[in-house]
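User: I'd like to learn how to read helix packing and domain contacts in a model like this one. Can you walk me through it?

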Amino acid sequence: MQRSIEIDSPLPVSPGNPARPTLAAKVAGYPAVLSGLVTLRSFAVFIAIWWAAAAWTHSPLQLPTPLSVLTALKSLAIDGEMLDNALTSFTRLAISMGIAVVVAVPLGFLMGLSERANAYIDPMVEVLRPISGIAWIPLALFIFGVGDVLPVFIMTYVACFPLLLNTIAGVRGTDRRLLAAARTMGVPQSRIVRHVVMPGALPTIMVGLRLAFAGAWSAIIAAELIGSPSGLGFAIEWYRQLLMSPKVFAYIIAIGAVGYSCDVALQALQRTLTPWARGTELA
Amino acid sequence: MSDTMTRPKLRLDHVTKEFAAPRTGLRTVAVSDVSLEIQAGDFVCIVGPSGCGKTTVMNMIAGLDKPSSGTIEIDGAPITGPGADRGVMFQDYALFPWLTVRDNIGFGLRNGTPGRGMAANDVEERISKHIELVRLGGAETKYPHQISGGMRQRVALARLLANGPDVLLMDEPLGALDAQTRLILQAELLRIWGETAPREERKTAVFITHDIAEAVFLSDSVVVMSSHPGRIRAVLPIDLPRPRDEHVRAHPRFAQLSEEIWELIRDEAYRAIA
């Protein structure tokens with residue numbers, strides 16, 4: 001109660017809480033070899049259950065055995081077909097993420113910095129946001145037809161929202177003490193945005209980027225399943241029609257692998273761009 | 001010239017600050033009818049219990065907050081907003097976590113008014129000089145989260161001084177330090193402020209603390225505030241000789257002054273913990 005007056009003041013005056021090591025930070029200190037073994041073990045259990053289920057159902061169409069999937073995976077990998085499809089999908093993903101960053105991040109800055117811009121744009125965002133990207137596929141088929149544009153459009157749409165919302169949150173969440181400090185040094189507004197708000201929002205934007213990627217990667221499969229003559233999603237649909245379940249499963253594994261690798265790469269990017277944010281809740 | 005001799009560096013005239021709580025609209029008077037004159041070259045400490053509005057007073061002098069009524073002047077001109085003529089050292093240092101020690105110290109010089117018109121070489125030289133001043137050589141490329149609390153505090157001090165403000169505003173800058181480091185840095189602070197220099201060359205310093213001994217050791221005068229609402233209880237001139245060193249603490253006058261200040265705030269201090 002004694003500090004209530006100061007707490008009510010628009011400038012935060014209470015000492016900031018120092019970064020406390022999070023669970024993630026503690027796990028990071030876990031010996032790598034040991035955690036590798038744990039991962040391996042959980043994979044082994046998963047494959048054992050799969051095998052048992054495949055033996056039980058005894059229907060290669062519904063659930064092929066791990067071994068047949070592995071064989072399919074090998075042949076698809078060797079003749080380069082899988083790589084082609086993966087590259088096609090990945091290129092679309094990269095283009096979509098690029099467009100989403102160029103559109104959503106500046107828009108997020110505008111909305112985060114200007115109350116007025118936010119009042120104009122936010123209602124539209126709130127109406128569009130709950131509509132799944134997949135819901136646009138039929139309409140997009142009419143507009144773009146089957147091809148590259150449709151999956152790129154769907155993914156860009158999906159990726160924009162988490163990026164936009166995280167950018168806004170990051171901009172608004174800029175530490176007010178740092179803004180105050182910059183102002184007392186006579187730093188002009190434009191430079192405050194460039195040198196305080198931008199780096200301050202970066203960790204939150206990076207989180208948005210990872211969420212955007214995860215959403216986009218899920219959406220690409222649906223988009224390619226229906227609206228594309230190439231890519232990982234198309235391949236799944238193709239082999240489904242040919243009733244070649246092992247290859248369907250092989251592609252599902254490829255989707256998981258590409259998604260996982262991209263997230264690992266994004267985490268590495270996050271660590272490189274925002275090394276100071278490690279050990280905070282955003283890292 | 002005679003004008004500047006008589007005119008105070010900072011003048012607070014019947015300053016009142018109210019805050020409205022965001023949801024309830026309930027108004028709290030943080031600072032009530034504070035009038036104070038601070039002469040150029042003075043080292044003034046503000047002491048008082050938590051919630052007495054010390055920080056609010058400092059934020060208003062810094063231009064980060066506006067008084068609800070009353071005026072604050074610097075060199076006779078009203079304060080309308082923040083400016084690099086009044087440097088602030090924040091309670092928790094407010095260092096930029098994404099900048100190295102060197103870039104933090106150089107932030108104002110590179111981006112703000114203090115470095116305007118300076119050649120890039122001069123800016124870098126000035127940064128290096130201040131890194132040496134607070135003895136942070138060797139830690140220049142470290143980030144704030146990689147250094148100790150005492151080092152962060154020195155980074156903040158170096159940043160404040162590198163900007164070369166006329167007025168130093170410091171909000172419990174030594175609060176987070178252990179007792180020994182604190183004593184050493186108090187003496188250091190006086191040296192940097194210009195205790196040994198002639199009066200005209202000293203900066204004007206406003207220093208917030210809740211440590212009475214610290215206030216007596218540092219100040220030319222101590223402003224004692226009381227809380228609910230925050231107002232000035234008394235202004236005590238500290239007539240201890242300068243330059244001051246450790247021995248001044250053993251001076252009978254030191255104990256006497258500390259006692260006087262304690263008498264002024266003890267009732268409230270006891271009430272606060274009751």
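Analyst: Let's take a helix pair and then a domain interface. Keep in mind that this is a predicted model.

User: How do I read a pair of packed helices?

Analyst: In general, two packed helices are described by the angle between their axes and the distance between the axes. Here, try helix α4 (residues 66-78) of chain A with helix α12 (residues 245-273) of chain A: their axes come within 8 Å and cross at roughly 70 degrees. That makes α4(A) roughly perpendicular to α12(A), because angles from 65 to 115 degrees get that label.

User: Which residues in α4(A) and α12(A) meet?

Analyst: On the α4(A) side you have Ser68(A), Val69(A), Ala72(A), Leu73(A), Ser75(A) and Leu76(A); they meet Pro246(A), Lys247(A), Phe249(A), Ala250(A), Tyr251(A) and Ile253(A) of α12(A). Sorted by character, the contact has nine nonpolar residues, two polar and one charged.

User: And how do I read an interface between domains?

Analyst: The size of an interface is often given as the accessible area lost when the parts come together. Chain B splits into domain 1 (2-85 + 166-273) and domain 2 (93-165). Together these two domains of chain B bury about 1200 Å², with 65% of that on carbon and sulfur atoms. On the domain 1 side, Ala84(B), Leu168(B) and Ile192(B) supply 36% of the buried area, more than any other three residues.

User: How many salt bridges cross the interface of domain 1 and domain 2 of chain B?

Analyst: The rule finds one. Glu188(B) pairs with Arg135(B) in a salt bridge, and their closest N and O atoms are 2.8 Å apart.

Definitions and conventions:
Residues numbered from 1 in each chain as written. Chains lettered and ligands numbered in written order. Predicted model: local features only at pLDDT ≥ 70, side-chain atom pairs only at ≥ 80, totals over all residues. Heavy atoms only, no water. Axes fitted to C-alpha atoms, helices over the stretch in contact; angles between N-to-C directions. Helix = DSSP H or I, 4+ residues; strand = E, 2+ residues; numbered from the N terminus. Parallel < 35°, antiparallel > 145°, perpendicular 65-115°, else oblique. Contact = heavy atoms within 4.5 Å. Nonpolar A, V, L, I, M, F, W, Y, C, P; charged D, E, K, R; others polar. Domains from an automatic or database assignment. Buried area = accessible area lost by both parts, 1.4 Å probe. Salt bridge = Lys/Arg side-chain N within 4 Å of Asp/Glu carboxyl O.
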